[in-house]
Amino acid sequence: MGEEVKLFRSWSSPFALRIVWALEIKGIEYEAVFEDLSNKSPLLLQYNPVHKKVPILVHNGRPIAESFVILEYIDETWKQVPLLPKDPYERAMARFWAKFCEDKVLTSIWSAFIKQGKEQEEALVAAAENLKFLEKEMKGKKFFGGERIGYVDLVLGWLANLVSIFEEIIGLKIVDEEKFPLLYSWMQDFAEAPIIRDNWPPRDKMIVKFQALLDAAIASSSSSSSSSK
């Protein structure tokens with residue numbers, strides 16, 4: 001068909017990684033364009049003037065932004081190896097859980113990572129409550145998509161990598177194997193699937209990056225506390 005597919009991404013973005021995985025699962029050839037997000041290219045700003053961030057999929061010259069939107073576009077454009085279920089109800093449920101993972105799970109775990117003291121304790125409680133719903137949803141399944149990786153797995157895929165990095169940096173357990181055995185097993189199975197495993201960013205670089213983000217968040221919080229006194 002002579003299709004042109006480009007993916008604008010960064011080396012560490014978990015949101016762009018969702019698109020990498022989807023394209024790989026579908027067997028779509030594409031060109032990866034790595035962006036320095038501290039010095040965004042004119043093309044990135046041209047293709048995504050609203051949010052000015054990655055990922056951006058450019059298909060035959062037409063840009064699509066936002067990872068959820070891109071995932072659905074990929075699934076509708078290339079029908080092989082479906083990411084979303086065929087059944088309308090199951091498809092709606094997949095979208096529901098994807099949104100829950102983004103709005104609740106991601107935000108609570110991020111808060112548990114960057115907060116300190118009582119705020120961190122509260123965030124850890126909130127994260128555990130959210131993870132309970134995922135644990136229940138995993139009953140009888142290998143992946144959220146059933147026996148193979150699907151839409152929700154790709155959306156939540158960051159959990160299988162970033163959580164252990166967060167835990168190492170802050171010295172606290174976020175996903176406890178005894179409390180969440182099914183979710184923990186999913187994390188292992190997902191992380192070790194060849195297409196997933198082969199595309200993880202370097203762990204040592206990720207630790208350095210997120211340690212710097214945590215240090216900046218703590219410094220900002222300390223500065224805000226001092227100025228409010």
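This passage describes the strands, helices and nonpolar cores of a predicted model.

The sheet of this predicted model is open and is built from four strands, which follow one another in the order β2-β1-β3-β4 with mixed pairing. At its edges lie β2, spanning residues 31-34, and β4, spanning residues 62-65, each of which pairs on one side only. From one strand to the next, the twist averages 20°. In general, the strands of a sheet pair through backbone hydrogen bonds, in either a parallel or an antiparallel manner.

Both kinds of pairing are found at strand β1. This strand, residues 5-9, runs parallel to β2 and is joined to that strand by four bridges, and within this pairing R9 stands opposite F34 of β2. Four bridges also join β1 to β3, but here the two strands run antiparallel, and K6 has V58 of β3 as its bridge partner. Strand β1 is mostly covered, in that four of its five residues are buried.

Two helices are placed against this sheet. Helix α1, formed by residues 14-26, lies across β1 and β3 (56-59), and its direction is at about 155° to that of β1. Helix α3, formed by residues 67-77, packs on the sheet as well, where it touches β3 and β4 and makes an angle of about 125° with the direction of β4.

As a general tendency, nonpolar side chains in soluble globular proteins are buried together. In the present model, the largest nonpolar core comprises 62 residues, and the residues with the most contacts inside this core are I109, L134, W186 and F190. Helix α4, which covers residues 88-114, supplies the largest share of the core, namely nine residues. A second core, separate from the largest one, consists of six residues, including F8, L44, V54 and V58. When neighbours within four places in sequence are left aside, L134 is in contact with W97, F100, C101, V105, F144, L156 and L183.

Residue L134 also takes part in the packing of two helices, α5 and α8. Helix α5 (residues 117-137) and helix α8 (residues 181-192) pack at an angle of about 75°, and their axes are 8 Å apart. Because angles of 65 to 115 degrees count as roughly perpendicular, α5 and α8 are described as roughly perpendicular to each other. The residues that make the contact are L131, L134 and E135 on the side of α5, together with P181, L182 and L183 on the side of α8. Classified by residue type, the contact of α5 with α8 contains five nonpolar residues, no polar residues and one charged residue.

A further residue that may be considered is F166, which is located in helix α7, residues 159-170. Its relative accessibility is 2%, and F166 therefore counts as buried, the cut-off for this class being under 20%. Apart from residues up to four places away in sequence, F166 touches I109, W110, F113, I174 and F210; of these, I109 is among the residues with the most contacts inside the largest nonpolar core. The C-alpha atom of F166 is separated by 19 Å from that of A16, a residue 150 residues apart from F166 along the chain.

Technical notes: Residues are numbered from 1 along each chain as its sequence is written. This is a predicted model: local features need pLDDT of at least 70, side-chain atom pairs count only at pLDDT 80 or more; totals for chains, interfaces and linings use all residues. Side-chain values use heavy atoms; hydrogens and water are left out. Two strands pair if DSSP finds at least two bridges between them. Axes are lines fitted to C-alpha atoms, for helices over the stretch in contact, and angles run from 0 to 180 degrees between N-to-C directions. Contact means heavy atoms within 4.5 Å. A nonpolar core is a set of buried Ala, Val, Leu, Ile, Met, Phe, Trp, Tyr and Cys residues joined through side-chain atoms within 4.5 Å. Buried means under 20% relative accessible area, exposed over 50%, partly exposed in between (1.4 Å probe, protein chains only). Angles under 35 degrees count as roughly parallel, over 145 as roughly antiparallel, 65 to 115 as roughly perpendicular and the rest as oblique. Ala, Val, Leu, Ile, Met, Phe, Trp, Tyr, Cys and Pro count as nonpolar, Asp, Glu, Lys and Arg as charged, and the others, Gly among them, as polar.
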